[in-house]
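Let us take a walk through a protein together, one stop at a time. Keep the structure open beside you and turn it as you read.

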Amino acid sequence: MADFLISGGTAYVPDDGQTGASLFGVGEGLTYNDFIILPGYIDFPSGDVDLSSALTKKISLKAPLISSPMDTVTEASMAIAMALQGGVGVIHHNCTIEFQAEQVRRVKKYEQGFITDPIIMSVASTVRDCFEAKKMHGFSGFPVTSNGKIGSKLVGLVTGRDIDFITKDRLNTKVHEVMTPLENLIVAKSDVTLEEANEILQKSKKGKLPIINDKGELVSIIARTDLKKNRNFPLASKDDRKQLLVGAAVSTHNDDLARVDALVSANVDFLVLDSSQGNSIYQINLIKHIKTRYPAVQVIGGNVVTASQAKNLIDAGVDGLRVGMGSGSICITQEVMAVGRPQGTAVYKVAEYARRFNVPVIADGGISSVGHIIKALALGASTVMMGSLLAGTTESPGEYYFQDGVRLKKYRGMGSLDAMQKFKSSASRYFSESEKIKVAQGVSGAIVDKGSVHKFIPYLITGIQHGCQDIGSKCLSNLRKMMYSGELKFEKRSSSSQAEGGVHGLHSYEKRLF
């Protein structure tokens, strides 16, 4: 048989597959399922793959994962979980300004180094005030000062152990009667470093360490729970003050200028301008307004699917772009409006243009598996935004319910009639807030219980690392470099090859991902 083979040594390697430019340069719209990435050479373990990537011009993440600003996906609990796992969450705006700003504050206060704006009780506060603060903020340890404000004289500390067994008829008891007084507290001076403060807290075995100045006035506090969180979540996304990163969505409606002010006051790290079609005079004006009024705030524009759309927003000053129109599982924009673009092509075209201006791209929509995440990143996206993939998790808003024996959570598109009727911010995303007849661009549905994000995100991270290993790329920046240089090769898939690439030929099977 070997006699019929042509022998010429191994120096000759035939050209195989297509480059990204070739695959997406023929004017054909492709989704993630329409192509496959050809494998490369492995010379490193998957655990060595660095997934650090840019979210905006000035913000980077250790995991390229973002939760979508949808009212059935991201509120404070989801944003906290995403940030702890190395990604970030974007708080939805289908709510009042006050509610959204409070969600941002909850994330920012969740884990910190020096807590410079803690919740404080005064000597006049009651046990009832402590219980109400615990219910609102989720923790029960509060410093007590002379007037209940930072910068006033510290007189003690009240914790859950001080009030847990107080009966209802004693709720009006003053906290100074039940607190641990200053003379029994371990405190640190204001010139202490974070490392020294952490060491004091560890040795003292106390839950909180108040930091005071030479006058005995409270300047900040450190919590033991934060030390534990730092140990358990090494990838956590944090700002310079060691607070968790969080973003928030705003509409392009003039009414949301007040929302922008409130979110910036709540110390939001970046704003996402939430519009189904971002190439509008309304968004351009809002970008210019925010960059003029708050030049330090990072702004992510979108959504866009073409280079010409991206150009207008880049010229206006955006720090990042959100790409996708009609590709989400609950989105029917392409069907109803006949406008949009297949997501694979959209990500490639916009990312290829935006990279020339150092503007990172978020692939938003069409992500239903870890393989789709890898493909989006390989096409030039710096991060991916997920809605349905995270809906149904413990941390997503809403209550679980059972249907036909299956545990479910509600999930709806922000263009669905349900969402638009709840609050006008959702309608303004689709330029429909003033219309008497609403044209739905999304649907409502249900998602099967996925468990906790704290188990699901590590699975996604590990899957991305294994995908990069098979490709032969040790980091995401190198993955993009391989794609633009032509080293990374793709191949179109026929419908039968897509069927072959999935589970097939079995009478029955159970698909467990992690």
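Asparagine 267 is partly exposed, because its relative accessible area is 35%, and partly exposed residues fall between the cut-offs of 20% and 50%. You will find asparagine 267 in the loop between α8 (257-265) and β14. Its backbone has a feature to look for: phi is near 70 degrees, a positive value in a residue other than glycine. Please keep in mind throughout that this is a predicted model.

Asparagine 358 also has a positive phi, near 60 degrees, and it too is a residue other than glycine. This residue sits in the loop between α12 (343-354) and β17. Is asparagine 358 buried or exposed? Its relative accessible area is 56%, so it counts as exposed, the cut-off for that word being over 50%.

From the loop that holds asparagine 267, the chain leads into β14. Here is a useful rule for reading strands: in a regular strand the side chains alternate between the two faces of the sheet. Now look at β14, where Phe270 and Val272 lie on one side while Leu271 and Leu273 lie on the other. Both faces are covered, and all four of these residues are buried.

Which strand runs parallel to β14 and is joined to it by four bridges? That is β13, made of residues 247-250. Across this pairing, valine 250 of the chain stands opposite leucine 273 in β14.

These two strands belong to a bigger arrangement. Eight strands make a closed barrel with parallel pairing, in the order β4-β5-β13-β14-β15-β16-β17-β18. As you go round, the twist averages 25 degrees from one strand to the next. Where do the two ends of that list meet? Strand β4 (residues 65-67) pairs with strand β18 (residues 383-386) in the parallel sense, over three bridges. For one such partnership, find isoleucine 66, whose bridge partner in β18 is methionine 385. Helix α13 (residues 370-378) packs on the sheet here, touching β4, β17 (361-364) and β18. The direction of α13 makes about 140 degrees with that of β18.

Stay with the barrel a little longer and follow β15, which covers residues 298-304 and includes asparagine 303. What kind of peptide bond joins glycine 302 and asparagine 303? It is a cis bond, with omega at about 5 degrees.

Just after β14 there is a loop that leads to α9 (281-293), and serine 280 has its place there. Serine 280 counts as buried because its relative accessibility is 10%, and buried means under 20%. Serine 280 and glutamine 309 are 29 residues apart in sequence, and their C-alpha atoms are 8.8 Å apart in space.

Next, turn to another sheet. Three strands form an open sheet in the order β10-β11-β12, with mixed pairing. Its edge strands are β10 (188-189) and β12, each of which pairs on one side only. Strand β11 (residues 208-212) and β12 run antiparallel and are joined by five bridges. To see one bridge, look at leucine 209 and its partner in β12, isoleucine 222. Helix α6 (residues 194-204) packs on this sheet and touches β10, β11 and β12, its direction making about 60 degrees with that of β12.

Strand β12 also takes part in our next stop, the second largest pocket. This pocket holds about 920 Å³ of space. Which residues lie nearest its centre? They are Phe139, Ser140, Gly141, Lys208 and Thr225, out of a lining of 39 residues. That lining divides into 14 nonpolar, 13 polar and 12 charged residues. At least two lining residues come from each of α2 (76-84), α3 (97-110), α5 (160-163), β12 (218-223) and α7 (224-232).

Our last stop is tyrosine 401, which is found in strand β19 (residues 401-403). With a relative accessible area of 33%, tyrosine 401 is partly exposed. Leaving aside residues up to four places away in sequence, it touches Val406, Arg407, Leu408, Lys409, Lys410 and Ala446. Tyrosine 401 and aspartate 449 are 48 residues apart along the chain, and 9.5 Å separates their C-alpha atoms.

Terms used:
Residues numbered from 1 in each chain as written. Predicted model: local features only at pLDDT ≥ 70, side-chain atom pairs only at ≥ 80, totals over all residues. Heavy atoms only, no water. 1 Å grid on protein atoms, 1.4 Å probe; cavity = no way out; pocket = protein on both sides within 12 Å on 5 of 7 lines; lining within 4 Å. Points joined across faces, edges and corners; volume = space filled by probe spheres on them. Nonpolar A, V, L, I, M, F, W, Y, C, P; charged D, E, K, R; others polar. Buried < 20%, exposed > 50% of the residue type's maximum accessible area, 1.4 Å probe, protein only. Pairing = 2+ DSSP bridges. Contact = heavy atoms within 4.5 Å. Axes fitted to C-alpha atoms, helices over the stretch in contact; angles between N-to-C directions.
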